[in-house]
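The following exercises are to be solved with the sequence and the model at hand. Each task is followed by a solution in steps.

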Amino acid sequence: MVSDTDYSGYVSKGTRVLTGGDGVSYRFDPSSLPLELLLSGGPGPYGRFETLDRPADLASWLQESRLALTVPVTAADFRIRPAEFAEIQALRDTLWLVVGEIVHGRPPSAEDLTLINESAATTIQPKVDLVTGGLGWVTPITGAQVLGVVAREVIDFLVWDGGRRVRECAASDCRLVFLDTSRSRNRRWCSMERCGNRHKVRTYRARQDE
Ligand SMILES: [Zn+2]
């Protein structure tokens with residue numbers, strides 16, 4: 001569940017504050033914009049934690065997302081039409097299916113891959129910022145460009161190591177999915193402060209009981 005508590009002072013863009021069934025909040029960085037998007041809601045049972053009801057919600061969500069890590073953006077930088085919003089939601093629905101297959105070592109369906117391919121047509125237009133000399137983006141950023149940037153990242157992780165870097169948290173009671181960007185490919189937990197720590201505590205207790 002995504003908390004709306006304001007942790008912006010110490011949570012970097014792309015890291016979301018989630019609240020477990022026990023009411024304890026923790027930070028989770030899925031290390032991938034498409035996987036971060038899954039935290040915003042989804043079809044069927046995921047609809048219970050839907051946070052995006054209209055285009056303005058998506059613009060606000062993007063302002064806190066991993067996208068804003070690369071270049072700071074505000075909700076006002078986006079111009080998302082209702083039809084584009086619907087396409088982004090459809091891509092997110094498909095992503096739930098695709099991720100569900102690849103974390104279990106199964107190939108995604110050709111139909112789902114086709115939708116991802118077709119969504120990747122356009123992307124955010126980069127520019128040299130005339131003031132800072134650093135990277136900037138041409139604004140407004142359209143919904144079609146957001147759709148494309150998400151779809152292109154999905155294509156990247158599907159082809160990178162055959163999608164094996166997309167992994168579900170190793171805790172048996174946790175379904176969070178992240179992209180393992182570690183060099184040693186050994187990220188196991190959604191969050192060290194959550195599942196990593198719970199594992200450490202269990203291991204410690206098991207040793208005490210021996
Ligand atoms: Zn976990």
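Helices (H or I, at least four residues) and strands (E, at least two) are DSSP runs, numbered from the N terminus. This is a predicted model, in which local features need pLDDT of at least 70 and side-chain atom pairs count only at pLDDT 80 or more, while totals for chains, interfaces and linings use all residues. Residues are numbered from 1 along each chain as its sequence is written, and side-chain values use heavy atoms, with hydrogens and water left out.

**Exercise 1.** Determine how far apart the end C-alpha atoms of residues 165-208 lie, and what share of the span is helix and strand.

Solution. UniProt, in an unreviewed entry, lists residues 165-208 as "domain: Zinc finger CGNR"; such annotations may be inferred rather than shown by experiment. The end C-alpha atoms of this span are 34 Å apart. Helix makes up 39% of the span and strand 14%.

**Exercise 2.** Describe how strands S1 and S2 pair.

Solution. Strands count as paired if DSSP finds at least two bridges between them. S1 (residues 16-19) and S2 (residues 25-28) are joined by four bridges in the antiparallel sense. Leu 18 stands opposite Tyr 26 of S2. Five residues separate the two strands of this hairpin, and Gly 23 in the turn has a positive phi of about 85°.

**Exercise 3.** Establish how H4 and H6 are oriented to each other.

Solution. Axes are lines fitted to C-alpha atoms, for helices over the stretch in contact, and angles run from 0 to 180 degrees between N-to-C directions. H4 packs against helix H6 (residues 143-159) at an angle of about 10°, with the axes 9 Å apart. H4 and H6 are therefore roughly parallel to each other (angles under 35 degrees count as roughly parallel, over 145 as roughly antiparallel, 65 to 115 as roughly perpendicular and the rest as oblique).

**Exercise 4.** Repeat the analysis for H4 and H5.

Solution. The axes of H4 (residues 82-102) and H5 (residues 110-119) come within 10 Å and cross at roughly 140°. H4 and H5 are therefore oblique to each other.

**Exercise 5.** Locate Pro 140 and Ser 31, and state what marks their backbone.

Solution. Most residues other than glycine have a negative phi, and most peptide bonds are trans. Pro 140 is in the loop between S5 (135-137) and S6 (141-142), and the peptide bond from Thr 139 to Pro 140 is cis, with omega near 0°. Ser 31, in the loop between S2 and helix H1 (33-38), has a positive phi near 65°.
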